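Here's a short set of exercises to work through with the model open beside you. Try each task before reading its solution.

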Amino acid sequence: KSDNPKETIFSITFDDFEDLPSEKGLKVRSSKFSCFGSTWQVGIYPGGHPDPPDGTVGMFLERRSKGRDLALQYSFEFCTFGSGWIRRKSRTIFDAEYISWGWSDVFTRKEIIGSEEDGFLVKGALTIHVG
């Protein structure tokens, strides 16, 4: 839950994370959601984004509809068993065309899968809070 009463939080879940493609460069998208008059999705590379070293998972907020330029601060939050909540935050401009912003190397696949004591998965699912 956000400390900012004006912030909207969307909970995005990728079920059966370990079964998602582990091949580098393959993207999986969440279901669509709407905010600020635009349609959005979260895109992840569970086997690794094409650019960084192997084994790192990329995550991006993707604007899926055209519209006016939007200057936004957005964040991804992850709950881990070992460290509690981890937040990655960025401020950027999503221009009027389709665009995505995020991180090509958020965590390693091994860190996300982890173990019962230190992983990110709950019943096999990766949940990301987008705010």
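**Exercise 1. At 28% relative accessibility, does R64 count as buried, partly exposed or exposed?**

Before we start, a word on the material: this is a predicted model, so local features need pLDDT of at least 70 and side-chain atom pairs count only at pLDDT 80 or more, while totals for chains, interfaces and linings use all residues. Residues are numbered from 1 along each chain as its sequence is written, and side-chain values use heavy atoms, with hydrogens and water left out.

Step 1: get the cut-offs straight. Buried is under 20% relative accessible area, exposed is over 50%, and partly exposed is in between (1.4 Å probe, protein chains only).

Step 2: apply them. With 28%, R64 counts as partly exposed.

**Exercise 2. Work out which residues share salt bridges with E62, and what they build.**

Step 1: recall the criterion. A salt bridge needs a side-chain nitrogen of Lys or Arg within 4 Å of a carboxyl oxygen of Asp or Glu. The whole structure has four of them.

Step 2: take K27. Its side chain meets that of E62 in a salt bridge at 2.9 Å, N to O. K27 sits in the loop between β1 and β2 and E62 in strand β5 (residues 56-63), so this pair ties together parts 35 residues apart in sequence. Strands here are DSSP runs (E, at least two residues), numbered from the N terminus.

Step 3: compare the cover on the two partners. K27 is partly exposed at 35%, whereas E62 is buried at 3%.

Step 4: move on to R29. The side chains of R29 and E62 also form a salt bridge, 2.6 Å from N to O. R29 lies in strand β2 and E62 in strand β5, so that pair links parts 33 residues apart in sequence. R29 comes out as partly exposed, at 38%.

Step 5: add R64. The closest N and O atoms of R64 and E62 are 3.9 Å apart, which is a salt bridge too. Through shared partners, K27, R29, E62 and R64 end up in one network.

**Exercise 3. Find how many disulfides the structure has, then look at C35 and C79.**

Step 1: remember that a disulfide is a covalent bond between the sulfur atoms of two cysteines. The search asks for a pair of cysteine sulfur atoms within 2.5 Å.

Step 2: run it over the whole structure, and you get zero disulfides.

Step 3: check accessibility. C35 is buried at 16%, while C79 is partly exposed at 36%.

**Exercise 4. Place D19, S30 and W101 in the fold, and say how covered each one is.**

Step 1: D19 belongs to the loop between β1 (10-14) and β2 (28-29). At 65%, D19 is exposed.

Step 2: S30 falls in the loop between β2 and β3 (33-35). S30 is buried, with 8% relative accessible area. Its C-alpha is separated by 25 Å from that of S83, 53 residues away along the chain.

Step 3: W101 is part of strand β8 (residues 99-108), and its 37% makes W101 partly exposed. From W101 to A125, 24 residues apart in sequence, the C-alpha to C-alpha distance is 23 Å.

Key
Helix = DSSP H or I, 4+ residues; strand = E, 2+ residues; numbered from the N terminus.
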